[in-house]
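Student: Could we go through this structure by question and answer, giving the reasoning each time before the value or name?

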Amino acid sequence: HGIQLEDLVQLGKIGSGNSGTVIKALHVPDSRVIAKKTIPIENKEAIKNQLLRELSIMHSVKPHANIVEFYGAFYTPSSSNEIVILMEYMDCGSLDKILATCKRSMPRENGAHTNQTWFNELSISRISSAVLQGLSYLYQDYKIIHRDIKPSNVLISSKGNVKICDFGVSRKLINSIADTFVGTSTYMSPERIQGNVYSTKGDVWSLGLMIIELLTGEFPLGGHKDTPEGILDLLQRIVNEPPPRLASTGQFSKVIVDFVNRCCVKDERERSSLQELMCHDFILMGKSLEDREFRHWCKRIKRKIKEDKMVLREEQEKAKLVKR
Ligand code: ATP
Ligand code: MG
């Protein structure tokens, strides 16, 4: 692709996570909008070289319909303490952002809070299918295990694409970020939390939790994910308590309940594999939805995100006026 950092113009911040910050940027030579992620790292020559080598593996991953395209990794000239990763920009953002926007605007739509979200079973089936396809492509062709499936790493575009990003090619990268909680996620499977050997089935567990969250609007198992104590307590409960379940009270279809039950199995040996899940009736159900309809769903989401941004801006303006 040959993208040069000096050909980029920053357009605005998209978001930030534990490990870094993502901004929207314009690649001037071909007027393409891309996403630029900046990650602070330890400034040690050996670590940096190893990191770049590992990131170059991402270069060798050929484009796939369900993997966010990688455009390159650099050290910024201004500071050698950070690494920059360039990738495809997905204009509807990640599932966590969409869910947050949904939670903010649903009460306005219905007058009262409901535990329904914009994600219906058909759209979740499509999303799950995309995640499974992406995961099995990474594993079958490159023996890469994603290791970090969660709503913020599943991205949607208004063209109707669903893609996964931030796959864990680099454990070194995770280790060299100076924060104990980087690489710790509440979507981790019990075997991973316990430090055991893990396989692609770890990502299956994460997918199960994600589906429950998209459907109900709430992270299963509760807990306070905003403090280290809260996270540790939650991780302990994932290991010690029964796995989360979708209520089978008729609110959800039998197929989605069964699918989630096969993902959220604590013993990895009894959990379904990527291949098994790809043939599950819940995934086949999504195939009845036409591409055009799913694209419409994505476009609607994009419109709602835009509206939400405008409402937020208005509220901020009002708050400013009140202060004066
Ligand atoms: P963590 O650091 O715990 O993995 P995270 O995934 O939210 O959390 P980042 O990967 O730094 O953190 O991403 C920050 C936010 O930027 C994401 O939540 C997502 O909404 C947005 N984002 C990331 N990559 C892209 C992209 N390629 N296109 C559009 N938005 C993106
Ligand atoms: Mg991410």
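Student: In this predicted model, how many bridges join strand E2 to E3?

Tutor: Strand E2 covers residues 21–27 and runs antiparallel to E3. Within this pairing His-27 stands opposite Arg-32, while Ala-25 stands opposite Ile-34. The bridges that join E2 to E3 number seven.

Student: Which residue in the hairpin of E2 and E3 takes a positive phi?

Tutor: The hairpin has four residues between its strands, and the facing pair of His-27 in E2 and Arg-32 in E3 belongs to the strands themselves. A phi near 45 degrees is found for one residue of this hairpin, and that residue is Ser-31.

Student: In what order do the five strands of the open sheet lie?

Tutor: The pairing in this sheet is antiparallel, and strands E3 and E5 pair in that sense over seven bridges. Strand E1 (8–16) and strand E4 (70–75) each have a single partner strand, so they stand at the edges and one side of each is left without a neighbour in the sheet. Neighbouring strands are turned by 25 degrees against each other on average, direction ignored. Read across the sheet, the order is E1-E2-E3-E5-E4.

Student: At about what angle to E4 does helix H1 run?

Tutor: Helix H1 comprises residues 45–60 and lies across two strands, E4 and E5, the latter spanning residues 82–88. Of these, E4 is an edge strand of the sheet. Helix H1 runs to E4 at about 170 degrees.

Student: Is Lys-37 buried or exposed?

Tutor: Lys-37 lies in strand E3, residues 32–40, and an unreviewed UniProt entry lists it under "binding site". Apart from residues up to four places away in sequence, it touches Gly-20, Val-22, Ile-85 and Met-87. Because 21 other C-beta atoms lie within 10 Å, and 20 or more are required, Lys-37 is buried.

Student: Which residue in E5 is the bridge partner of Lys-37?

Tutor: Lys-37 belongs to E3, and E3 pairs with E5 in the antiparallel sense. Among the residues that Lys-37 touches, the bridge partner in E5 is Ile-85.

Student: How far apart in space are Val-260 and Ile-34, C-alpha to C-alpha?

Tutor: Val-260 lies in helix H8, residues 254–263, and with 26 C-beta neighbours inside 10 Å it counts as buried. Leaving aside neighbours within four places in sequence, Val-260 is in contact with Gly-208, Ile-211, Ile-212 and Leu-246, whereas Ile-34 stands in E3 opposite Ala-25. Val-260 and Ile-34 are 226 residues apart in sequence, and their separation in space is 34 Å.

Student: How many of the 33 residues of H11 are buried?

Tutor: Helix H11 takes in residues 291–323 and reaches 48 Å from its first C-alpha to its last, close to the 48 Å expected at 1.5 Å a residue. The helix lies largely in the open, because the number of its residues that are buried is two.

Student: What is the radius of gyration of the protein chain?

Tutor: The secondary structure of the chain comes to 11 helices and eight strands. For 324 residues the globule rule gives 20 Å, and the chain comes close to that value, so it is as compact as a globular protein of that length. Buried residues make up 32% of the chain, and its C-alpha atoms fill a box of roughly 55 × 55 × 45 Å along the principal axes. The radius of gyration is 20 Å.

Note on methods. Residues are numbered from 1 along each chain as its sequence is written. Chains are lettered from A and ligands numbered from 1 in the order in which they are written. This is a predicted model: local features need pLDDT of at least 70, side-chain atom pairs count only at pLDDT 80 or more; totals for chains, interfaces and linings use all residues. The radius of gyration is taken over C-alpha atoms; the globule rule is 2.2 Å times the number of residues to the power 0.38. A residue is buried if 20 or more other C-beta atoms lie within 10 Å of its own, exposed if 12 or fewer, and partly exposed in between; C-beta atoms are placed from the backbone. UniProt positions are given in the numbering used here, feature names are shortened, and annotations may be inferred rather than shown by experiment. Two residues are in contact if their C-beta atoms, placed from the backbone, lie within 7 Å. The expected span of a helix is 1.5 Å times one less than its number of residues. Two strands pair if DSSP finds at least two bridges between them. Axes are lines fitted to C-alpha atoms, for helices over the stretch in contact, and angles run from 0 to 180 degrees between N-to-C directions.
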